[in-house]
Structure formats: C-alpha cells, structure tokens
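I opened my notebook to get to know a new structure, one look-up at a time. Come along and read over my shoulder.

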Amino acid sequence: MLKIKQSKYSKFSIFILFFIFLLATSCNNTTSEKKVESTNVTDINKEIPVYDFNEFERLIYTESDKTYLVNFWAMWCAPCVKELPYIEEFAVKYPDVEVIFVSLDFPKDIETKLKPFLKKKNITQKVVLLDDADANAWIDKIDPNWSGAIPFTIMFNKNERLFYERSFENLEDLENQIKKLN
C-alpha cells in the first residue's frame with residue numbers, strides 16, 4: 001500500500017513539474033512575440049518622439065509653402081480611430097501634404113500598445129506623442145475655440161489655418177476641407 005501512495009505522489013509531482021514547465025515556456029513565447037510586434041512598425045514610427053507643448057509647438061507653424069494636416073487623436077477615442085484610415089488614405093493620395101498624427105495617449109504605452117496599434121491599423125504617417133499635463137494652457141494656444149475634445153484637426157499653410165473639432169467621414173470630406181486653404 002505504501003508503494004501505491006509513493007507512485008501517486010511521484011505521478012502528481014511529474015504532472016506539476018510538467019505544468020510549470022509549460023506555463024514558463026508559454027510566458028516566454030508571449031514576451032518575445034510582444035518584442036517582435038513592437039519593433040515591427042513602419043520605419044517612420046520606429047521611434048515615436050514625446051513632446052511637451054513647448055517642443056511640439058514648432059510643428060504647427062510654417063513659413064514654407066508646404067501644406068500640413070495635424071490630427072490630434074488617441075487610441076481610446078472611437079471617432080478618432082474611425083477616421084484614421086481616411087487620413088492615411090488622404091496622405092497617400094496627396095504626398096505633398098505633410099500629415100502628422102498627434103497621439104494623446106500615455107508615453108508608457110508607446111511600446112506595448114501604441115506601436116502595435118499603428119501596425120494593426122497600417123498607419124504609415126508620422127506619429128508624435130504630446131505629453132503635457134497643462135492641457136488648459138496649450139489647447140487655447142492651438143485654438144481658443146477648441147474645447148479640448150478629440151478628434152481635432154488643423155490644416156494649415158503659411159497663409160491660413162483651419163480648425164476642425166470633429167471627425168472626418170471619408171476621403172472626400174478631407175479633400176473638400178483642405179481645398180479651402182489659399
């Protein structure tokens with residue numbers, strides 16, 4: 001009878017060790033997959049710069065003849081995410097317009113959430129992250145009429161600035177608005 005109990009314990013011990021081994025190796029695979037996924041982003045977004053508003057502000061003014069489209073968004077904002085493909089399509093169709101996506105997500109999420117999100121959504125345009133806690137100050141500097149709601153888009157050149165506190169419904173909607181710039 002004693003031999004049977006030892007046999008049960010040894011089978012149980014082997015089962016536990018095998019289970020721990022499987023758990024440990026599956027965790028390692030998950031980690032390495034995350035690393036591959038986070039570094040497998042388009043070249044332009046391999047490094048996503050994080051700016052406070054003073055550093056960022058220079059991106060929203062120009063003296064050149066170039067036209068810019070700057071879109072403020074976040075991964076948690078459903079209307080923002082819905083319009084991303086339209087802006088991406090616009091950028092591909094109009095390469096002379098510089099498109100910048102300004103993420104308002106957390107800097108700690110760049111590697112684990114933002115880069116995988118950009119890859120999944122096929123975002124190939126430049127992404128920067130604005131991390132400035134004093135939103136009341138910088139929102140008014142961008143546009144005193146902006147409530148702070150996103151999505152928010154600025155279209156500008158050296159002559160004119162247009163502000164949109166709404167999402168774009170399709171490519172044609174974007175094209176119609178950018179045509180308003182002189």
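Below are my entries, going from the whole chain to its sheet and then to two of its helices.

**Entry one: the overall picture.** I noted right away that this is a predicted model. I counted 6 helices and 6 strands in the protein. Reading from the N terminus, I wrote down the order α-β-α-β-α-β-α-β-α-β-β-α.

**Entry two: inside and outside.** I looked up burial and found that 40% of the 182 residues count as buried. The accessible surface comes to about 11200 Å², and 57% of that belongs to carbon and sulfur atoms. I also checked contacts between residues at least 6 apart in sequence: 68% of them join residues at least 24 apart.

**Entry three: the sheet.** In what order do the 6 strands of the sheet stand? I traced S1-S4-S3-S2-S5-S6, an open sheet with mixed pairing. Strand S1 (50-51) and strand S6 (161-164) stand at the edges with a single partner strand each, so one side of each has no neighbour in the sheet. A reminder to myself: strands of a sheet pair through backbone hydrogen bonds, either parallel or antiparallel. For S2 and S5 I found the antiparallel sense, over 5 bridges. In that region I saw Asn71 standing opposite Thr153 in S5.

**Entry four: helix H3 on the sheet.** I saw that H3 packs on the sheet and touches S2, S3 and S5, with its direction at about 160° to that of S2. Helix H3 covers residues 78-93, which is 16 residues. From first C-alpha to last, H3 reaches 24 Å, close to the 22 Å expected at 1.5 Å a residue. Where does H3 kink? I found a kink of about 30° at Leu84, shortly before the proline Pro85.

**Entry five: what H3 hides.** I listed the buried residues of H3, among them Cys80, Val81, Leu84, Ile87 and Phe90. Glu83 and Glu88 of H3 are buried too. What covers the buried residues of H3? My list includes strand S2 (67-73), strand S3 (97-103) and strand S5 (152-156). Helix H4 (110-120) and helix H6 (171-178) also belong to that cover.

**Entry six: helix H4.** I followed H4 across S1, S2, S3 and strand S4 (126-130), and noted that H4 runs at about 145° to S4. Which residues of H4 are buried? I wrote down Ile110, Leu114, Lys115, Pro116, Phe117 and Leu118. Just after H4, I came to Asn122, which takes a positive phi of about 55°.

Notes:
Residues are numbered from 1 along each chain as its sequence is written. This is a predicted model: local features need pLDDT of at least 70, side-chain atom pairs count only at pLDDT 80 or more; totals for chains, interfaces and linings use all residues. Side-chain values use heavy atoms; hydrogens and water are left out. Helices (H or I, at least four residues) and strands (E, at least two) are DSSP runs, numbered from the N terminus. Buried means under 20% relative accessible area, exposed over 50%, partly exposed in between (1.4 Å probe, protein chains only). Contact means heavy atoms within 4.5 Å. Accessible areas come from the Shrake-Rupley method with a 1.4 Å probe; for residues, only the protein chains shown count as cover. The expected span of a helix is 1.5 Å times one less than its number of residues. The bend at a residue is the angle between axes fitted to the seven residues ending there and the seven starting there. Two strands pair if DSSP finds at least two bridges between them. Axes are lines fitted to C-alpha atoms, for helices over the stretch in contact, and angles run from 0 to 180 degrees between N-to-C directions.
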